Amino acid sequence: MHPVRKQRLYLVLFIVVFSSAAIGLVTYALRGNINLFFPPAEVAAGKAPVGQPIRVGGMVVDGSVQRSSDSLAVRFEITDFEATVPVIYEGILPDLFDEGQGAVASGELSEDGVLQATEVLAKHDENYMPPEVADALEKSGYDHKGVKQ
Amino acid sequence: MIPEIGHFALILGLALALVLTVVPAWGAWQRNVSAMSLAPGLAMGMLAMVFISFVCLCIAFLQDDFSVTVVASNSNSLLPPIYKFSAVWGNHEGSLLLWGLILCLWTAAVALFSSQLPLLVLSRVLSVMGAIAVGFLSFSLLTSNPFARLLPSVPADGNDLNPLLQDPGLIIHPPLLYMGYVGFSVAFAFAIAALLGGRLDASWARWSRPWTNVAWAFLTLGIMLGSWWAYYELGWGGWWFWDPVENASFMPWLAGTALLHSLAVTEKRGLFKSWTVLLAIFAFSLSLLGTFMVRSGVLTSVHAFATDPARGLFILVFLAIVVGGSLTLYALRAPAVSSRVSFSWLSRESLLLLNNVVFLVATLTVLFGTLFPLIMDALGQGKYSVGPPYFNAVFVPLMALMAPFMGIAPISRWKRDSGQRWKAELLVPGIAALACAVTLPLFGEQYNLWVALAVLLAAWVVFGMARDFWFRVSGRSGAGGSLKRLTPSYWGMVLGHLGFAACVVGVVATSQYSIEHDLKMSPGESETLAGYEFRFVEVAPVRGPNFVADEARFEVYREGRNIAKLAPQKRRYLAGGSVMTEAAIDPGLFRDLYIAMGEPIGEQGAWAVRLHYKPMVRWMWLGAIFMGLGGFITVMDKRYRSQPRRAAVPAKGAQYAR
């Protein structure tokens, strides 16, 4: 074979092998490392899978935040004003987390319908609403104060 | 009055950009010398106008002119002056103006420092830069005018700058990052000019290379500052989140890294020409894509200032024109500039090609992970998020795959090399690297295989380079060596690769050895972490210029000796009432101690506290600084300067030209 052609063949072979390895890696990494967002109404309707990483977002229900007095465990409820989802989290909450504000919790749903959160995200400043939350509220037809539109 | 002057200057800048796009390009087409020679002057004029406009916006911020919408919503009379200044780019409109200004700076720099460029090439390059400026300046004027007024109801005081952005890191992070982002437009403009002219040779690569290196260096430093800022400012001690906005800056960096290396081959050997051009287009397109993602509000992030569909649509259309136009041009012209030089399988060319493939695949996997949620959302498939585990799982193996070849590359020869020579040269460095990998992790808390692997790869890269260095200095390479013979290009490569090795060690050691402990602590209690005793002394109220805070005072003891006093704060900003965590860090080359406050718990004055012990976390920022410096140093190479205009055309490029 002509050396230039041979070289080109090697090159093509290399690129094919390498990119299929990369694609394999990507599909492997994607499995179990992506999670889907669910509004509380869909969680309550049983549409969210149990025991898989998901995100749930909405407004934190006024008066629902209960802290443990001797650890960092905290329990609160997230609502889109159609349904509420209880969330358990252990750790430090973000600065802008507060009752009556938007938040997104990611974690796994347990059998009894409680979200065991591993991460809680709040918004970045007081005028900003996480887009998923805004979307969930739009679906449920309430504004962020719980007034039916 | 001043905002109106700024607005007017910006319009004039846009007009000059339009002229710069059309006239020199027409001149280059018609070979009209007088039209072509207008280009540098127009570039300077455009810079002057946009600079005036930017200064006017700065004045509006510094004088608390709350009748200007951007000032009213992003500044406050209590804000310290330095943050009023950085607030100029702490918002969508201002940061876009900064983007425009930096684009004009690069354009003017090309006009100034290209005496060796033929006028034909220069006018084409400046004309392409002008076209990009038209896009961005009209974006600024049409969809996000920074000088819009709030009349007649002028607020008494402003809304304040987002407290997260009130930080020294944020004063320089965006300008540096933009210097990098926008700098790739120069490489892009050179690529387009070459495609237009149909002449793509080693001298083209030599013109384009210093610009690419500098842009890349700025981008490296910008990303590093962003990471460092996230580490100390966001209050949870992470330094890289694979957040879409971080990815937006990281993708052009990855593509740019591939471009740097492929440009080296194009310059030295006249190979990979079409590929290099494609990479230049790709790198700049990713910069634009990053802008689109950050500025259109499709992402959730501190960086996404505002949501406005019109803005997103504008950038999307602009992106489509730039990417579509340049790829069409590439499809039409690239076959005309392909090369016919062969190289053997074992050669420096192959190693650099491997680098390119790895970095390109890395870019594409990051791109895929970043766009996946957007695509699924657009298709109505639900709101997914792709987390750090995905990115780590694809990115880390790719880098690990590349490192073994990085050790060989510096000693490898162009065109043809032999495996036996590599074996002979690299036996000693290999054994030394292995020895380091076995012994160095013993100094850690416990022996960790991942750290050992990282040390092995990093030491292999470093020792391979040391071997080559010694080779050159001792004169065995045949050219008669001494330190003086080493070129700035070579030093740049050495620094860049050393930086990469430092990053590898830093990232792996931090991820493996970090100890993070969130707990409830009351004043008087103490907690021991990795041999450091953290004593919580008290909580005291303090007052800053525009905030009040609870300050927790900690003393850190090691083996009974007090080694640090740390005072993290929980701040409440007066203007917006927002609460923010200010972490306290005791930095060190081999370990950082990090304390951040959570929220108060219970009635007895207890607080949720975050204690971190982070070994070698600084190595990756140091590594990034090394890489950045390396990029800057290469520009000092004589061969980029001393070629007079006429000599540049036939000199080195001729032998590789078609």
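Select K520(B) and A608(B): A608(B), in β11(B), is the bridge partner of K520(B). The model on screen is predicted. This tour starts from that pair, works outward through its sheet, and then crosses to the other chain.

**Stop 1: the sheet around β11(B)**

Show β2 (515-521) of chain B together with β11(B); the two strands pair in the antiparallel sense over seven bridges. Next add β10(B), which is joined to β11(B) by nine bridges, also in the antiparallel sense. To see one of these pairings, pick M597(B) and V609(B), since V609(B) in β11(B) is the bridge partner of M597(B).

Now add β9(B) to view the open sheet of four strands, whose order is β2-β11-β10-β9 in chain B, with antiparallel pairing. Its edges are β2 and β9 (584-586) of chain B, each of which pairs on one side only. From one strand to the next, the twist averages 20 degrees. Strands of a sheet are held in pairs by backbone hydrogen bonds, in a parallel or an antiparallel arrangement.

Is β11(B) largely enclosed by the rest of the structure or largely open? It is largely enclosed, because nine of its 10 residues are buried.

**Stop 2: the turn and the exit of β11(B)**

Select G602(B), in the hairpin of β10(B) and β11(B). Four residues lie between the two strands, and G602(B) takes a positive phi near 70 degrees.

Then go to M616(B), in the loop between β11 and α18 (618-634) of chain B. M616(B) is not a glycine, yet its phi is positive, at about 55 degrees. Why is M616(B) counted as buried? It has 24 other C-beta atoms within 10 Å, and 20 or more are needed for a residue to count as buried.

**Stop 3: two helices of chain B**

Select residues 488-513 of chain B to show helix α17, and find H497(B) in it. H497(B) counts as buried because 22 other C-beta atoms lie within 10 Å. Beyond its neighbours within four places in sequence, H497(B) is in contact with M406(B), V461(B) and M465(B). For a distance across the chain, pick G576(B) as well: H497(B) and G576(B) are 79 residues apart in sequence, and their C-alpha atoms are 45 Å apart in space.

Move to helix α6 of chain B, residues 92-112. The helix has 21 residues and reaches 30 Å from its first C-alpha to its last, close to the 30 Å expected at 1.5 Å a residue. Helix α6(B) is mostly covered, with 18 of its 21 residues buried.

**Stop 4: where chain B touches chain A**

Show both chains. How many residues of chain B are in contact with chain A? The count is 34, in contact with 34 residues of chain A. On the chain B side, elements that each supply at least two residues include α13 (348-378), β8 (579-582), β10 (591-601) and β11 (606-615). The largest share, five residues, comes from α14(B). By type, the residues on this side of chain B divide into 17 nonpolar, 12 polar and five charged.

For a link between strands of the two chains, select β1 (residues 34-38) of chain A and β1(B). Three bridges join these strands, which run antiparallel. Within this pairing, S385(B) in β1(B) is the bridge partner of N35(A).

**Stop 5: chain A**

Hide chain B. What does the secondary structure of chain A come to? There are three helices and seven strands, and from the N terminus on, the elements run α-β-α-β-β-β-β-β-β-α. Of the 149 residues of chain A, 34% count as buried. Among contacts in chain A with a separation of 6 or more, 51% are between residues 24 or more positions apart.

Select residues 9-30 of chain A, where UniProt, in an unreviewed entry, places the feature "transmembrane region". In the model this span is 100% helix and 0% strand, and its end C-alpha atoms lie 31 Å apart.

Finish at F81(A), in the loop between β4 (73-79) and β5 (84-90) of chain A. F81(A) is not a glycine but has a positive phi of about 70 degrees. F81(A) counts as buried because there are 21 C-beta neighbours inside 10 Å.

Technical notes
Residues are numbered from 1 along each chain as its sequence is written. Chains are lettered from A and ligands numbered from 1 in the order in which they are written. This is a predicted model: local features need pLDDT of at least 70, side-chain atom pairs count only at pLDDT 80 or more; totals for chains, interfaces and linings use all residues. A residue is buried if 20 or more other C-beta atoms lie within 10 Å of its own, exposed if 12 or fewer, and partly exposed in between; C-beta atoms are placed from the backbone. Two residues are in contact if their C-beta atoms, placed from the backbone, lie within 7 Å. Ala, Val, Leu, Ile, Met, Phe, Trp, Tyr, Cys and Pro count as nonpolar, Asp, Glu, Lys and Arg as charged, and the others, Gly among them, as polar. Two strands pair if DSSP finds at least two bridges between them. UniProt positions are given in the numbering used here, feature names are shortened, and annotations may be inferred rather than shown by experiment. The expected span of a helix is 1.5 Å times one less than its number of residues. Axes are lines fitted to C-alpha atoms, for helices over the stretch in contact, and angles run from 0 to 180 degrees between N-to-C directions.
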